Amino acid sequence: MNKSALHDIRTFLTPYNTTLIAVTKTHPVEVLQQAYSSGLRIFGENKVQELISKAEVLPKDIQWHLIGHLQSNKVKYIAPFIYMIHSVDSFKLLQEINKEAKKNKRVIACLLQVYIANEDTKFGLDTQELTNLLLHPELEQLENIQIQGLMGMATNTNDQEQVRKEFRYLKNLFKSLAETIEKKNVAWKEISMGMTSDYRLAVEEGSTMVRIGSAIFGNR
Ligand SMILES: *Cc1c(COP(=O)(O)O)cnc(C)c1O
């Protein structure tokens, strides 16, 4: 773990009040323990099984964020404790999260993942699907989820202007939705964007949560 990189990231984020999600995927529990000792309490994982096995053995005051694609049949495993799911990409998944959250007498925070990149490999909703989901007639019946905002991943490119454009697009989308969509279980608070290669740009463009792995924990 690179403590001086962590220090630099924290120093950069402080004036913006941006939440740092330490992305610990593929790293062993010992690395997470070290991160915990450095004061980190917000961890992001992209696979359900890995997240569960780490959560079982680590302190209970950690806030766990699922940042990777989620299949409906796996929601039940994380519903008892997950803090936020960043990768919601269908109404059906939202219904399943709601059902399992209800069984656990919880409200689970969710972000809608939006497709902003200029490549085929990234998951997420397009603008039309996003609007349809938010205007779904049964959305407000889901009392055990709260949609707190949007998540996006920019194109993996050195072209800074391209990346900035994509982040700006997500921010503008967030703003227009926040102005037009008012629902009981929607609270427009968070824009989860920015990773190791582009978090500075993302924060400048209005990110409220960055998901950073390799800058802190090294290459995977
Ligand atoms: C792995 C991952 C990250 C972190 O990536 P780094 O480049 O290591 O910072 C962020 N978001 C998602 C969705 C990821 O899967």
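A polar contact is a pair of N or O atoms within 3.5 Å. The views below show a predicted model.

**View 1. Polar contacts of the ligand with Arg220, Arg211 and Thr196****.** A polar atom in the side chain of Arg220 is 2.7 Å from an oxygen atom of the ligand. An oxygen atom of the ligand also lies 2.5 Å from an N or O atom in the side chain of Thr196. In the case of Arg211, a side-chain N or O atom is 2.8 Å from a nitrogen atom of the ligand. On its own the ligand has 380 Å² of accessible area, and the protein covers 90% of this.

**View 2. The residues around the ligand****.** The shell includes Val23, Lys25, Ile67, Met153 and Met195. Thr196, Arg211, Ile212, Gly213, Ser214 and Arg220 also belong to the residues around the ligand. Sorted by class, this shell holds five nonpolar residues, three polar ones and three charged ones.

**View 3. The largest pocket, where the ligand sits****.** The volume of the largest pocket is about 410 Å³. Its lining is made of 20 residues, and those closest to the centre are Lys25, Asn46, Ile67, Met153 and Met195. Lys25, Ile67, Met153 and Met195 are also among the residues around the ligand. In the lining of the largest pocket, 10 residues are polar, six are nonpolar and four are charged.

**View 4. The second largest pocket****.** This pocket holds about 210 Å³ of space. Thr155, Asn156, Thr157, Ser197 and Asp198 are the closest to its centre, out of 13 lining residues. The lining of the second largest pocket comprises six polar, five nonpolar and two charged residues.

Key
Residues numbered from 1 in each chain as written. Predicted model: local features only at pLDDT ≥ 70, side-chain atom pairs only at ≥ 80, totals over all residues. Heavy atoms only, no water. Near = heavy atom within 4 Å. Polar contact = N/O pair within 3.5 Å; in protein donor to acceptor, adjacent residues only side chain to side chain. Areas by Shrake-Rupley, 256 points an atom, 1.4 Å probe, with all protein chains shown as cover. 1 Å grid on protein atoms, 1.4 Å probe; cavity = no way out; pocket = protein on both sides within 12 Å on 5 of 7 lines; lining within 4 Å. Sits in = over half its atoms within 2 Å of the grid points. Nonpolar A, V, L, I, M, F, W, Y, C, P; charged D, E, K, R; others polar. Points joined across faces, edges and corners; volume = space filled by probe spheres on them.
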